[in-house]
Amino acid sequence: MSSDLAAATSPQAAMRATELRTILEEHLYRYHVLDQPTIADAEYDALFNELTALEAAHPELAVADSPTQRVGSKVLDAFAPVTHRVPMLSMGNAFSAEDAQNFDRRCREGLGAVDEQIEYACEPKFDGLAITLVYVDGVFVQGATRGDGAVGEDVTENLRTVRSIPLSLSATHGVVPKLLEVRGEVLMLKKDFQRLNERQAAKGEKLFVNPRNAAAGTLRQLDSKLVAQRPLAFFAYGVGAVEGADLPKSHSAMMAWLEALRFPVTRERRVVKGLADLLDFYKDIGARRPQLPFEIDGVVYKVNSFAAQEKLGFVSRAPRFATAHKFPAEEATTVLLGIDVQVGRTGAITPVARLQPVFVGGTTVSNATLHNEDEIRRKDLKIGDTVIVRRAGDVIPEVAAVIYAKRPADAQNFVMPTHCPQCNSLIEKLEGEAIARCTGGLFCPSQRKQALLHFAGRRAVDIEGLGDKLVEQIVDANLVRTPADVYRLGLTALSNLDRMAEKSANNLLIAIEKSKKTTLAKFLFGLGIRHVGESTAKDLTKHFGNLDAVMNASVEALLEVNDVGPVVAQSLRNFFDQPHNREVVEQLRACGVTWAEKEFVHVPPSKQDLNRITAPDMDLPALAVGPFTGKTVVLTGTLPTLSRDEAKDKLEAAGAKVAGSVSKKTDFVIAGAEAGSKLEKAIELNVTVLDEAQFLELLQK
């Protein structure tokens, strides 16, 4: 089709719009339902943009079930009530194997089959928000919450933005009824929930407690454009009213029918016979619960035959033919006995609650994470409080809330220690950060493995062959305590390690020897100083020229370095103020690690000088002026041919500064496949976004 959309004839435009809608819905289905995408995001975006432009040029083509209508509409004042054609009933619960046994017995007795095994359809019980979707002649016309079972809230516009919900049904995928009500659950996948909270934290906004709260809060937003920005998902699990088509004869067949109509349904469903199989399904799903992509709080058992369901009927507001077998409670009440701190692999200091042991989520819990000092203050948590503890699957338990009514008079505030409990180094908490950290990175036992891996990395001193597994071995065998000890390793000690033959050990020793000749920038980066990345290490090298000048520089002197602010300057000062760290640096020098240096002469440079200074004998070559010279660039997503490191090298060689986050100062964002919040931020701030081809083309100019 011609790019001049406005000039296109109406028949041509209509044909192309229909074709694009079909193609886009197919790709949405493959991506959001099957999890089997067949085109790159950039290709999808190009097709979507073509349809958007086409509908803008020909407004009569913008139908309600177009993929372009998933972006949200005007803000509502309130949700209108919706009376369900068929009530959305609640379900009875089973909390034990005995409860499940009684359910099976009642079903057998009700069907007059006491000595037979009943066929059941089993599936996970989603921990989300129940909704109903109404389709008329195959087109989605209304969506509503469960509400009280009889009347819910109209959330149609919000549900239009959920990409796994089909906006129209096709007869090629099964018989499409004149009227169809599909019942299911709106939820947020675990990975999407984590990303959402990461974005919330980056914006300084409130974090969601769990995926269910996030999904429920999102679906009830009055602004559907906001809902469109949140990653909601949908799974169908039943039907309500149906007109103009015959339903299958069983629940399992109905699920297959819904799947044929391209509704997302869980793959974790199973048809079983008898009580033993019910309990086996419960145990199997419970064991795999942490690995499931969504949160569940139990499993659902339904008599499979619809004829049998009709015979069993209902009691009060619940069906006799179905029950929810719940997992053990994931929240319990206990007493906070004390608060200790743990040191993580990166030096993060995490407060840990010591609890009066309590059974929750299927196990006895005596410890729980408190995340950070700010979280303790936010929850107003004191030692001696009665608290609610939450545990989900194999996730580390956390203190969810305080029961203030039970606070004792002698409850005590938590005081964060000033020195690391592992190495006695200073604990720092920089302005604007939530997490306190140990500053003894090269010395602290808790950080030893991470520090070694970082120091040996390709972009640091580059010790080829010194990877995760080998670092695990040499640290666990107490062969290495600091990076300097790597240069004292011998052939015999290495050869005695698991899966380390003499030839491999010799190759590693050659790589270690080769790494002794490095650059000051690589060495500084390899020290793992908080907030000192490759770009900052190069700026420090360019400004000071030698390590002693960096180590002894005051905060004021460090602030004279290009792009070094108060946070980075203080982090450098804190690191080199630790005697442990200076000792490791001196040991590395004594072991022969060396680089070219020049004498530091303090001449505060002007802004023009900073753009002009080059150091041929240092780490950075002179830069030719080009499209990226002096520009700040952010990389996000996976590029088609270049690795992140390769792209970064090309940018720095072209005079750009590669940053880790997008801000108003960002000049370009280079985006690849699965670009996330950084791309969203770039679009929001109107930052120029390039794909790999555009980036490489600019490099040639």
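**Exercise 1.** In this predicted model, find where N367 sits and work out which residues N367 is in contact with, leaving aside its neighbours within four places in sequence.

*Solution.* Start with the place: N367 belongs to strand 16, residues 363-369. Next, check the accessibility. N367 has a relative accessible area of 35%, and partly exposed covers the range between 20% and 50%, so N367 counts as partly exposed. Now look for partners beyond four places in sequence: V352, A353, R354, L355 and P397 are in contact with N367. One of these, R354, also has a side chain joined to that of N367 by a polar contact of 2.8 Å. Finally, try a distance: from N367 to G338 you should get 9.8 Å, C-alpha to C-alpha, with their positions 29 residues apart in sequence.

**Exercise 2.** Is Q200 buried or exposed?

*Solution.* Go to helix 5, residues 190-202, where you'll find Q200. The relative accessibility of Q200 is 6%. Buried means under 20%, so Q200 is buried. Setting aside neighbours within four places in sequence, Q200 is in contact with E205, K206, L207 and F208.

**Exercise 3.** Describe the aromatic pair formed by Y282 and F327.

*Solution.* The model has 14 aromatic pairs. In the pair of Y282 and F327, the ring centres are 5.2 Å apart and the planes make an angle of 40°. Stacked needs under 30 degrees and edge-to-face over 60, so this pair is tilted. Now place the two residues: Y282 is in helix 9 (274-288), while F327 is in the loop between strand 13 (322-326) and strand 14 (331-343). They are 45 residues apart, so the pair links distant parts of the chain. Both rings' residues are buried: Y282 at 15% relative accessibility, F327 at 9%. For extra practice, look up the aromatic cluster made of F103, Y120 and Y301.

**Exercise 4.** Which strands stand at the edges of the sheet with order 22-21-23-24, and which helices touch this sheet?

*Solution.* Four strands make up this open sheet, and their pairing is parallel. Strand 22 (657-659) and strand 24 (688-690) each have a single partner strand, so they are the edges. On average, neighbouring strands are turned by 30° against each other, direction ignored. Zoom in on strand 23 (668-671): three bridges join it to strand 24, and F668 stands opposite T688. Then add the helices. Helix 24 (644-653) touches strand 21, strand 22 and strand 23, with its direction at about 170° to that of strand 21. Helix 25 (677-684) lies across strand 21, strand 23 and strand 24, at about 135° to strand 21.

Notes
Residues numbered from 1 in each chain as written. Predicted model: local features only at pLDDT ≥ 70, side-chain atom pairs only at ≥ 80, totals over all residues. Heavy atoms only, no water. Phe/Tyr/Trp six-rings, centres within 6.5 Å; stacked < 30°, edge-to-face > 60°. Buried < 20%, exposed > 50% of the residue type's maximum accessible area, 1.4 Å probe, protein only. Contact = heavy atoms within 4.5 Å. Polar contact = N/O pair within 3.5 Å; in protein donor to acceptor, adjacent residues only side chain to side chain. Pairing = 2+ DSSP bridges. Axes fitted to C-alpha atoms, helices over the stretch in contact; angles between N-to-C directions.
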